[in-house]
Amino acid sequence: MRLQPEPQLGDLIEIFRPFYRHWAIYVGDGYVVHLAPPSEIAGAGAASLMSALTDKALVKKELLYEVAGRDRYQVNNKHDGKYSPLPPSKIVQRAEELVGQEVLYKLTSENCEHFVNELRYGVARSDQVRDAIVAAGIAGVGLAAVSFIGVMLSRNKRQKQ
(Lines give C-alpha, C1' and ligand atoms only; values in the text may rest on other atoms or scores of the structure.)
Protein backbone atom coordinates (compact mmCIF):
# COMPACT_ATOMS: atom_id res chain seq x y z
CA MET A 1 0.00 0.00 0.00
CA ARG A 2 1.40 3.36 -1.09
CA LEU A 3 1.48 6.08 1.56
CA GLN A 4 -0.46 9.17 0.57
CA PRO A 5 1.16 12.55 1.19
CA GLU A 6 -0.80 14.65 3.68
CA PRO A 7 -3.22 16.84 1.70
CA GLN A 8 -2.98 20.60 2.12
CA LEU A 9 -5.89 22.87 3.06
CA GLY A 10 -8.17 23.36 0.07
CA ASP A 11 -6.79 20.43 -1.95
CA LEU A 12 -9.19 18.54 -4.19
CA ILE A 13 -9.38 14.85 -3.28
CA GLU A 14 -10.31 12.42 -6.06
CA ILE A 15 -11.68 9.11 -4.77
CA PHE A 16 -11.73 6.22 -7.21
CA ARG A 17 -15.11 4.53 -6.77
CA PRO A 18 -16.10 1.66 -9.03
CA PHE A 19 -17.56 3.17 -12.23
CA TYR A 20 -16.99 6.84 -11.29
CA ARG A 21 -14.90 9.33 -9.30
CA HIS A 22 -16.12 10.92 -6.08
CA TRP A 23 -14.67 14.32 -5.12
CA ALA A 24 -14.10 16.03 -1.78
CA ILE A 25 -12.18 19.06 -0.53
CA TYR A 26 -9.61 18.82 2.24
CA VAL A 27 -10.31 21.10 5.22
CA GLY A 28 -7.61 19.95 7.67
CA ASP A 29 -7.01 17.51 10.52
CA GLY A 30 -7.88 14.54 8.30
CA TYR A 31 -11.32 15.92 7.36
CA VAL A 32 -12.95 16.58 3.99
CA VAL A 33 -16.14 18.32 2.97
CA HIS A 34 -18.10 16.63 0.21
CA LEU A 35 -21.54 16.26 -1.36
CA ALA A 36 -23.19 13.08 -0.21
CA PRO A 37 -26.34 11.89 -1.96
CA PRO A 38 -28.55 10.05 0.53
CA SER A 39 -27.05 6.58 -0.09
CA GLU A 40 -23.40 7.69 -0.39
CA ILE A 41 -21.61 5.08 1.69
CA ALA A 42 -17.84 4.65 1.60
CA GLY A 43 -16.95 1.91 -0.86
CA ALA A 44 -20.62 1.41 -1.79
CA GLY A 45 -19.85 1.24 -5.50
CA ALA A 46 -23.00 0.54 -7.52
CA ALA A 47 -25.31 1.48 -4.62
CA SER A 48 -23.47 4.78 -4.38
CA LEU A 49 -23.71 5.23 -8.14
CA MET A 50 -27.48 4.66 -7.94
CA SER A 51 -27.66 7.51 -5.43
CA ALA A 52 -26.70 9.80 -8.30
CA LEU A 53 -30.30 9.52 -9.49
CA THR A 54 -31.49 11.67 -6.58
CA ASP A 55 -31.95 15.45 -6.88
CA LYS A 56 -30.69 16.42 -3.42
CA ALA A 57 -27.43 15.98 -1.56
CA LEU A 58 -26.17 16.76 1.91
CA VAL A 59 -22.93 18.69 2.44
CA LYS A 60 -20.96 16.62 4.95
CA LYS A 61 -17.72 16.99 6.85
CA GLU A 62 -16.19 13.60 7.50
CA LEU A 63 -12.80 11.99 7.95
CA LEU A 64 -11.12 11.36 4.61
CA TYR A 65 -10.34 7.74 5.47
CA GLU A 66 -14.04 7.12 6.22
CA VAL A 67 -15.23 8.77 3.01
CA ALA A 68 -12.66 6.89 0.92
CA GLY A 69 -13.29 3.56 2.64
CA ARG A 70 -11.33 0.92 0.75
CA ASP A 71 -11.21 3.00 -2.42
CA ARG A 72 -7.96 4.58 -3.60
CA TYR A 73 -7.72 8.37 -3.52
CA GLN A 74 -5.30 11.11 -4.50
CA VAL A 75 -4.84 14.86 -4.32
CA ASN A 76 -5.82 16.18 -7.76
CA ASN A 77 -5.75 19.95 -8.18
CA LYS A 78 -5.83 19.42 -11.93
CA HIS A 79 -7.12 22.87 -12.88
CA ASP A 80 -4.48 24.91 -11.02
CA GLY A 81 -2.81 25.67 -14.36
CA LYS A 82 -6.03 27.00 -15.87
CA TYR A 83 -7.70 28.70 -12.88
CA SER A 84 -6.21 30.48 -9.88
CA PRO A 85 -7.20 28.71 -6.68
CA LEU A 86 -8.75 30.85 -3.98
CA PRO A 87 -6.65 31.24 -0.81
CA PRO A 88 -6.78 28.00 1.24
CA SER A 89 -8.36 29.78 4.23
CA LYS A 90 -11.16 31.09 1.98
CA ILE A 91 -11.73 27.64 0.44
CA VAL A 92 -12.00 26.03 3.88
CA GLN A 93 -14.26 28.82 5.19
CA ARG A 94 -16.62 28.49 2.21
CA ALA A 95 -16.71 24.69 2.59
CA GLU A 96 -17.32 24.79 6.37
CA GLU A 97 -20.19 27.29 5.94
CA LEU A 98 -22.03 24.78 3.72
CA VAL A 99 -21.73 21.76 6.05
CA GLY A 100 -25.14 20.42 7.03
CA GLN A 101 -26.98 22.09 4.17
CA GLU A 102 -29.09 20.17 1.71
CA VAL A 103 -28.31 21.29 -1.83
CA LEU A 104 -29.54 20.57 -5.33
CA TYR A 105 -27.78 17.60 -6.91
CA LYS A 106 -27.76 16.84 -10.61
CA LEU A 107 -25.41 14.32 -12.12
CA THR A 108 -24.83 16.50 -15.19
CA SER A 109 -24.59 19.99 -13.70
CA GLU A 110 -24.36 20.02 -9.91
CA ASN A 111 -22.45 16.94 -8.82
CA CYS A 112 -19.62 16.45 -6.32
CA GLU A 113 -16.96 17.47 -8.85
CA HIS A 114 -18.80 20.70 -9.71
CA PHE A 115 -19.12 21.35 -5.97
CA VAL A 116 -15.41 21.07 -5.10
CA ASN A 117 -14.25 22.99 -8.18
CA GLU A 118 -16.63 25.81 -7.27
CA LEU A 119 -15.11 25.91 -3.77
CA ARG A 120 -11.47 25.85 -4.94
CA TYR A 121 -11.62 27.96 -8.10
CA GLY A 122 -14.99 29.69 -8.08
CA VAL A 123 -15.76 27.74 -11.28
CA ALA A 124 -18.21 24.82 -11.24
CA ARG A 125 -17.05 22.21 -13.73
CA SER A 126 -16.94 18.45 -14.09
CA ASP A 127 -14.60 16.72 -16.47
CA GLN A 128 -16.39 13.40 -15.82
CA VAL A 129 -19.59 14.86 -17.26
CA ARG A 130 -17.77 16.47 -20.21
CA ASP A 131 -15.88 13.23 -20.93
CA ALA A 132 -19.08 11.18 -20.76
CA ILE A 133 -20.85 13.54 -23.16
CA VAL A 134 -17.91 13.45 -25.58
CA ALA A 135 -17.77 9.64 -25.39
CA ALA A 136 -21.52 9.38 -26.00
CA GLY A 137 -21.19 11.75 -28.95
CA ILE A 138 -18.35 9.74 -30.45
CA ALA A 139 -20.29 6.50 -29.93
CA GLY A 140 -23.34 8.09 -31.56
CA VAL A 141 -21.35 9.24 -34.59
CA GLY A 142 -19.77 5.79 -34.87
CA LEU A 143 -23.15 4.09 -34.68
CA ALA A 144 -24.57 6.47 -37.31
CA ALA A 145 -21.61 5.76 -39.62
CA VAL A 146 -22.02 1.99 -39.24
CA SER A 147 -25.76 2.29 -39.89
CA PHE A 148 -25.15 4.42 -42.99
CA ILE A 149 -22.62 1.93 -44.36
CA GLY A 150 -25.06 -0.91 -43.68
CA VAL A 151 -27.85 0.89 -45.56
CA MET A 152 -25.54 1.66 -48.49
CA LEU A 153 -24.30 -1.94 -48.71
CA SER A 154 -27.88 -3.21 -48.53
CA ARG A 155 -28.96 -0.87 -51.36
CA ASN A 156 -25.94 -1.83 -53.45
CA LYS A 157 -26.76 -5.50 -52.98
CA ARG A 158 -30.43 -4.98 -54.02
CA GLN A 159 -29.43 -3.00 -57.12
CA LYS A 160 -27.13 -5.82 -58.31
CA GLN A 161 -29.93 -8.42 -58.05
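Start at the hairpin of β1 and β2, where 2 residues sit between the strands and F19 takes a positive phi near 80°. Helices (H or I, at least four residues) and strands (E, at least two) are DSSP runs, numbered from the N terminus. This is a predicted model: local features need pLDDT of at least 70, side-chain atom pairs count only at pLDDT 80 or more, and totals for chains, interfaces and linings use all residues. Residues are numbered from 1 along each chain as its sequence is written, and side-chain values use heavy atoms, with hydrogens and water left out.

**The hairpin loop**

Select F19. F19 is not a glycine, yet its phi is positive, about 80°. Most residues other than glycine have a negative phi. Is F19 buried or exposed? F19 is exposed, at 69% relative accessible area. Buried means under 20% relative accessible area, exposed over 50%, and partly exposed in between (1.4 Å probe, protein chains only).

Now go to D29, in the loop between β2 and β3. D29 also has a positive phi, about 55°, and is not a glycine. D29 counts as exposed because its relative accessibility is 76%.

**Strand β1**

Select residues 12-17. This is β1, and 6 of its 6 residues are buried. Turn the strand over: L12, E14 and F16 are buried on one side, I13, I15 and R17 on the other.

Next, show its neighbours. β1 and β2 run antiparallel, joined by 6 bridges. Two strands pair if DSSP finds at least two bridges between them. Find R17 and look across to Y20 in β2. On to β5 (residues 73-75): 3 bridges join it to β1, again antiparallel. There, Y73 is the bridge partner of I15.

Stay with F16 for a moment. R72 lies over the face of F16, 3.9 Å from the ring centre. A charge sits over a ring if NZ of Lys or CZ of Arg is within 6 Å of the ring centre and within 35 degrees of the ring normal. For another case, select K61: its charged end sits over the ring of Y31, 5.3 Å from the centre.

**The whole sheet**

Show all strands as ribbons. What is the strand order of the open sheet? The 6 strands run β5-β1-β2-β3-β4-β6, with antiparallel pairing. β5 and β6 (102-104) are at the edges with a single partner strand each, so one side of each has no neighbour in the sheet. From one strand to the next, the twist averages 35°.

At the β6 edge, 3 bridges join β4 to β6. Pick A57 and V103 to see one pair of bridge partners.

Add the helices. α3 packs on the sheet and touches β2, β3 and β4, with its direction at about 110° to that of β2. Contact means heavy atoms within 4.5 Å. α4 lies across β1, β2, β3 and β4, at about 35° to β2. Axes are lines fitted to C-alpha atoms, for helices over the stretch in contact, and angles run from 0 to 180 degrees between N-to-C directions.

**The core**

Which residues touch the most other members of the largest nonpolar core? I25, V33, L35 and F115 do, out of 17 residues. A nonpolar core is a set of buried Ala, Val, Leu, Ile, Met, Phe, Trp, Tyr and Cys residues joined through side-chain atoms within 4.5 Å. β2 (20-28), β3 (31-36), β4 (56-63), α3 (88-98) and α4 (112-121) each supply at least two residues. The largest share, 5 residues, comes from α4. Another core lies apart, with 8 residues, including V32, L64, V67 and A68.

Zoom to I25, in β2. I25 counts as buried because its relative accessibility is 0%. Beyond four places in sequence, its contacts include V33, I91, A95, V116 and L119. Draw a distance to C112: the C-alpha atoms are separated by 9.8 Å, though these positions lie 87 residues apart along the chain. Then select F115, which touches V33, H34, L35, V59 and L98, not counting residues up to four places away in sequence.

**Last stop: two tyrosines**

Select Y83 and Y121. They form a tilted aromatic pair, 5.8 Å centre to centre with 45° between the planes. Rings of Phe, Tyr and Trp (its six-membered ring) pair if their centres lie within 6.5 Å; planes under 30 degrees apart count as stacked, over 60 as edge-to-face and the rest as tilted. By this rule the count is 1 aromatic pair. Y83 lies in the loop between β5 and α3 and Y121 in α4, so the pair ties together parts 38 residues apart in sequence. Y83 is partly exposed at 22% relative accessible area, whereas Y121 is buried at 7%.
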